[in-house]
Amino acid sequence: MEPILWMVIPCYNEEEVLPVTAPLFLAELRDLAQKGKISPDSRVLFVNDGSRDGTWDVIRGLAAADEHYLGVAQSRNRGHQNAVLAGLMEALENGADITISIDCDGQDDVTAMEAMVDAWRDGCEIVYGVRSKRDTDTFFKRVTAEGFYKLLRGMGAEVVFNHADYRLVSARALRAFADFHEVNLFLRGMFPLVGFKSTCVSYERRERLAGKSHYPLGKMLALAFDGITSLSVRPIRLITGFGGVVALLSFVGVIYALVASALGRTVAGWTSMTCIICFVSGIQLVSLGVIGEYIGKIYLETKARPRYILSERTYGDPGERR
């Protein structure tokens with residue numbers, strides 16, 4: 001029996017690009033169904049992440065025009081990662097055998113889904129979409145993005161190089177992932193922790209088909225920092241190690257100062273003293289900031305607030321498709 005596939009597509013202020021990319025998703029869904037690789041009951045699920053434009057109206061229009069389109073809306077903007085999680089859990093509750101999460105901007109090659117489904121049929125529970133090259137990126141973005149993955153690995157986080165959130169996940173893997181209750185989400189680093197057999201499918205990323213990106217440099221840096229602090233405690237250990245080195249150098253400096261004073265070789269040292277104080281103070285503030293970030297995450301985790309709240313659906317409650 002063919003598996004039921006749900007494409008999970010997070011959307012935030014995407015009223016310009018959705019009319020362009022939605023037919024591409026549906027065409028790929030129908031093509032896979034015609035080839036007998038997925039069930040005709042498969043669906044395309046759009047997750048509206050508190051958009052401020054007409055994105056939700058576009059989604060409702062798509063759902064009214066074709067039963068293969070479905071939509072859910074979050075009660076407010078919760079961020080890309082929470083929107084993807086909401087869609088995945090919604091798909092699982094509605095009986096999906098496999099899910100494929102993909103951005104709605106059309107940059108990820110939808111034809112790679114066939115290779116993902118084939119890999120699932122070969123026994124893989126998670127299939128990661130991996131960019132084969134970054135020709136469409138600027139030099140700055142390419143260098144920083146690749147450096148980010150290398151940094152994450154250096155910090156001890158298990159991530160798939162050049163993989164974002166284009167992936168296939170089986171229902172079995174999703175049920176296991178549901179036991180992860182973190183409020184601070186970094187999905188591309190969390191799914192490898194689930195385990196199970198996995199593989200990668202390469203594809204070429206294209207230019208955005210319409211609209212503009214909603215991931216400027218600030219958001220990308222915030223996501224990178226969230227990824228590091230959510231998956232690794234090595235920054236705190238680095239602070240401890242660096243603090244030990246600074247303390248050792250300070251101890252040597254104290255010994256030197258005492259010896260120099262005993263020999264009567266002391267001189268006015270306002271400049272050197274000011275430099276040392278500024279350096280040590282800066283290190284202390286940075287260290288406190290990193291430690292504070294971890295404490296803040298602990299604070300949010302202990303509250304155990306819901307990671308997403310759905311306010312509307314284009315269909316009934318979970319398990320009740322149109």
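# Reading a predicted model, feature by feature

Tutor: Let's start with one residue: E182 is found in the loop between α6 (171-177) and α7. Helices (H or I, at least four residues) and strands (E, at least two) are DSSP runs, numbered from the N terminus. This is a predicted model, where local features need pLDDT of at least 70, side-chain atom pairs count only at pLDDT 80 or more, and totals for chains, interfaces and linings use all residues. Residues are numbered from 1 along each chain as its sequence is written, and side-chain values use heavy atoms, with hydrogens and water left out.

Student: Is E182 buried or exposed, or in between?

Tutor: Buried means under 20% relative accessible area, exposed over 50%, and partly exposed in between (1.4 Å probe, protein chains only). E182 has 27% relative accessibility, so it counts as partly exposed. Its C-alpha atom is separated by 9.9 Å from that of R305, although the two residues are 123 apart along the chain.

Student: And what does the whole chain look like?

Tutor: It has ten helices and eight strands. Of the 322 residues in the chain, 44% are buried. A contact means heavy atoms within 4.5 Å. Among contacts between residues at least 6 apart in sequence, 83% join residues at least 24 apart.

Student: Why is α7 described as largely enclosed?

Tutor: Because seven of the eight residues of α7 are buried, the rest of the structure largely encloses it. The buried ones are L187, R188, G189, M190, F191, P192 and V194.

Student: How do I read a helix like α4, then?

Tutor: Look at which way its buried residues point. In α4 (residues 112-121) these are A112, M113, M116, V117 and A119. They cover an arc of only 160° around the axis, which puts them on the same side of α4. That arc is taken from the directions from the helix axis to the C-beta atoms. The partners of these buried residues are β1 (5-11), α1 (18-34), β4 (98-101), β5 (126-131), β6 (163-170) and β7 (198-203).

Student: What is a nonpolar core?

Tutor: It is a set of buried Ala, Val, Leu, Ile, Met, Phe, Trp, Tyr and Cys residues joined through side-chain atoms within 4.5 Å. The largest one here has 35 residues, and I9, F25, V44, F46, M113 and Y166 have the most contacts inside it. Helix α1 gives the largest share of this core, six residues. Another core, of 33 residues, lies apart from it, with V8, L70, V160 and A173 among them.

Student: How are two packed helices described?

Tutor: By the angle between their axes and the distance between the axes. Axes are lines fitted to C-alpha atoms, for helices over the stretch in contact, and angles run from 0 to 180 degrees between N-to-C directions. Here α1 and α2 (residues 55-65) pack at about 35°, with axes 11 Å apart. On the α1 side L18, P19 and A22 meet T55, V58, I59 and L62 of α2.

Student: What about phi?

Tutor: Most residues other than glycine have a negative phi. N13, not a glycine, has a positive phi of about 55°, and it lies in the loop between β1 and α1. F196, also other than glycine, has a positive phi near 65°. F196 sits in the loop between α7 (187-194) and β7. Glycines with positive phi include G195, which follows α7 with a value near 90°, and G123, just after α4, at about 110°.
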